[in-house]
Amino acid sequence: MTAPSRDLLPAQSGLGAVPSALLLGIYTVLVGGAAGLVWAAVAPKLSVPALAAGSDATFRAQVGADAWFLLIAVIAGAVCTLLAVALAGEPGPEMAVALAVGGLVAAMVADRIGYLSERGATTVALRAIGAHPDGSLISEIDFRVRALGVLTIWPIASLAVVGVVLAINAARR
């Protein structure tokens, strides 16, 4: 006779479900700030001098910035979920909601942090070349997420990892 298999994860955490979910949501949003700084550091930037010279190839950097945000959001969503599962145990509905809502807010925070960290450099570059001293062009070329659907990848990645964890745990039962 074989021994019954044990669950991969415990069913409950030490805290109640709602306080755990609130802490998880706050933790996820705080990770969004760090993700925004990482995104601003690694994503390609628009070349203001090339833009002033009339080159349309400079806008590829904006697509590249969205692609880098997508990659960082997938990684951040998966890591947040794996850490939450490791600390809190098997994900329940509260954890899934906290990861989804917290992930969406974290993605918005990351976008805003990245924008704010690069806004000064964009403004200085525009003023240095003497183009648009009123700053009207800044809204067109600033560093931000252009494809707003990219913001939803963080909660999607988190919920995908929750689904994988639940599937693995259910298969072991």
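## Overview

Of the 173 residues in this protein, 38% count as buried. The model is a predicted one. The protein has six helices and zero strands. Read along the sequence, the pattern is α-α-α-α-α-α.

What share of contacts join residues at least 24 apart, among those between residues at least 6 apart in sequence? The share is 82%. The accessible surface of the protein comes to about 9400 Å². Carbon and sulfur atoms hold 71% of that surface.

## The main nonpolar core

Start inside the protein. The largest nonpolar core has 19 residues. Five of them touch the most other members: W39, F69, F143, V145 and W154. Four elements each give two or more residues to this core: α1, α3, α4 and α6, the last spanning residues 153-172. The largest share comes from α3, with six residues. A second, separate core has 10 residues, including L24, V85, L99 and V165.

A general tendency is worth knowing here. In soluble globular proteins, nonpolar side chains tend to be buried together.

Now look at W154, one of the five residues that touch the most other core members. Leaving out residues up to four places away in sequence, W154 touches T28, V31, G32 and A35. The list goes on with A73, A76, G77 and C80. It also takes in G103, A106 and A107.

## One aromatic pair

How many aromatic pairs does the count come to? The count comes to one. W39 and F69 form this pair, and it is edge-to-face. Their centres are 5.0 Å apart, with 80° between the planes. That angle counts as edge-to-face because it is over 60 degrees.

W39 lies in helix α1 (residues 17-42), and F69 lies in helix α3 (residues 60-88). The pair therefore ties together parts that are 30 residues apart in sequence.

Are these two residues buried or exposed? W39 has 0% relative accessibility, so W39 counts as buried. F69 has a relative accessible area of 3%, so F69 is buried too. The cut-off for buried is under 20%. Both residues are also among those that touch the most other members of the largest core.

## A nonpolar patch on the surface

Next, move to the outside. A nonpolar surface patch covers about 580 Å². Its residues are V38, V42, W68, L71, I75, V79 and L83. Helices α1 and α3 each give two or more residues to the patch. Which element gives the most? The answer is α3, with five residues.

W68 is one of the patch residues. Its place is in helix α3. W68 has 35% relative accessibility, so W68 counts as partly exposed. Its sequence neighbour F69, by contrast, is buried.

## Two more places to look

F59 sits in the loop between α2 (48-52) and α3. Its relative accessible area is 32%, so F59 is partly exposed. F59 and S47 are 12 residues apart along the chain. Their C-alpha atoms are separated by 8.6 Å.

G120 lies in helix α4, which covers residues 93-129. At 39% relative accessibility, G120 counts as partly exposed. That value falls between the limits of 20% and 50%. G120 and D142 are 22 residues apart in sequence. In space they are 9.7 Å apart, C-alpha to C-alpha.

Conventions
Residues are numbered from 1 along each chain as its sequence is written. This is a predicted model: local features need pLDDT of at least 70, side-chain atom pairs count only at pLDDT 80 or more; totals for chains, interfaces and linings use all residues. Side-chain values use heavy atoms; hydrogens and water are left out. Buried means under 20% relative accessible area, exposed over 50%, partly exposed in between (1.4 Å probe, protein chains only). Contact means heavy atoms within 4.5 Å. Accessible areas come from the Shrake-Rupley method with a 1.4 Å probe; for residues, only the protein chains shown count as cover. Rings of Phe, Tyr and Trp (its six-membered ring) pair if their centres lie within 6.5 Å; planes under 30 degrees apart count as stacked, over 60 as edge-to-face and the rest as tilted. Patches are made of residues with over 30% relative accessible area and no salt bridge: like charges are joined within 9 Å, nonpolar side chains (Val, Leu, Ile, Met, Phe, Trp, Tyr) within 5 Å. A salt bridge is a side-chain nitrogen of Lys or Arg within 4 Å of a carboxyl oxygen of Asp or Glu. A nonpolar core is a set of buried Ala, Val, Leu, Ile, Met, Phe, Trp, Tyr and Cys residues joined through side-chain atoms within 4.5 Å.
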